[in-house]
Amino acid sequence: MTQDLYATRSASRTSFIDRADPAVHGDVSDGPLSAGDLAGFDANGFHAFNQLIDPGEVEDYRAELRRLSSDEAMRSDERTIIEPRSQEVRSIFEVHKVSEVFAALLSDPRVVGPARQILGSDVYIHQSRVNFKPGFAGNTFYWHSDFETWHAEDGMPRMRAVSMSIGLTENLDTNGPLMIMPGSHKTFVSCPGDTPEDHYKRSLKSQEIGTPDDESLEVLAGKHGIQQFTGPAGSATLFDCNCMHGSNSNITPFPRSNVFVVFNSVENTLAEPFGAPTRRPEFIASRDFTPVR
């Protein structure tokens, strides 16, 4: 049985566990990030790219985004998550399998190279999706660590995964951009509560189980602060799986959309869930561990 270093959803209250895994596994010879970039990622848990994708390319991805969101068959697909109040599309999962355009982007060396370098190995796509925050209707993504969910509900053993969020629209400080607590990736927040059967059906629309209590968030924010990530379309943020992060709702007229991909090390493949009765579907947590080429 795989050893559980990050027990969660098994106690009655929130607790902190020191990280047992390195944040950076590779070195400067393994990819495009400099020694300073790697040191910054190790200290803060993220690296921001002001312009990862060229403006001309962004227009192609926006067109594909519009095609997907207006496709009635895609809207009724289980991989598409609908906002409960506005009935707008919130996310489309497994986007690298439903779109050749996004499949090409998520295997692009500009996207995969930094992930391989940070994780020090080949990587596979654990999860991919496009997120929509339409003007006036984009809902909140509450504070959480992705690793807590991936560990509890997907069986990801160790903290050896990274996420990349690529902006397809401008990220303003007013339209609900990504927020991260710098350095929070060094502390695992063990959350209380049992995981219900098919919890993903509710959590993808509004997550409650697996989120820290207010007191714990106050401690983390007081220690680490909060950083917002703004930038033009084509900017991107690469961040560690255990960063405490979230985003506000979008009540402005300005939409915010992004493509989001999770790369997991091929040396960190999924076991059985550590804190849930059953596995989540493969479109949320892939068990195809084929390396991205």
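1. Strands S8 and S10 are a good place to start. S8 covers residues 178-180, and 2 bridges join S8 to S10. The two strands run antiparallel. Met-179 has Gln-228 of S10 as its bridge partner. This is a predicted model.

2. The pair belongs to a wider sheet. 4 strands make up this open sheet, in the order S6-S12-S8-S10. The pairing is antiparallel. Which strands stand at the edges? They are S6 (141-145) and S10 (227-228). Each has a single partner strand, so one side of each is left without a neighbour in the sheet.

3. A helix covers part of this sheet's story. Helix H7, residues 146-154, packs on the sheet. H7 touches S6 and also strand S12 (244-247). The direction of H7 makes about 65° with that of S6.

4. Now the whole chain. The protein chain holds 9 helices and 13 strands. Its radius of gyration is 18 Å, close to the 19 Å that the globule rule gives for 293 residues, so the chain is as compact as a globular protein of that length. Along the principal axes, the C-alpha trace spans about 45 × 45 × 40 Å.

5. Contacts and burial come next. Take contacts in the protein chain between residues at least 6 apart in sequence: 85% of them join residues at least 24 apart. Of the 293 residues in the chain, 56% are buried.

6. Last, the surface. The accessible surface of the protein chain comes to about 12300 Å². Carbon and sulfur atoms account for 49% of that surface.

Terms used. Residues are numbered from 1 along each chain as its sequence is written. This is a predicted model: local features need pLDDT of at least 70, side-chain atom pairs count only at pLDDT 80 or more; totals for chains, interfaces and linings use all residues. Side-chain values use heavy atoms; hydrogens and water are left out. Two strands pair if DSSP finds at least two bridges between them. Contact means heavy atoms within 4.5 Å. Axes are lines fitted to C-alpha atoms, for helices over the stretch in contact, and angles run from 0 to 180 degrees between N-to-C directions. The radius of gyration is taken over C-alpha atoms; the globule rule is 2.2 Å times the number of residues to the power 0.38. Buried means under 20% relative accessible area, exposed over 50%, partly exposed in between (1.4 Å probe, protein chains only). Accessible areas come from the Shrake-Rupley method with a 1.4 Å probe; for residues, only the protein chains shown count as cover.
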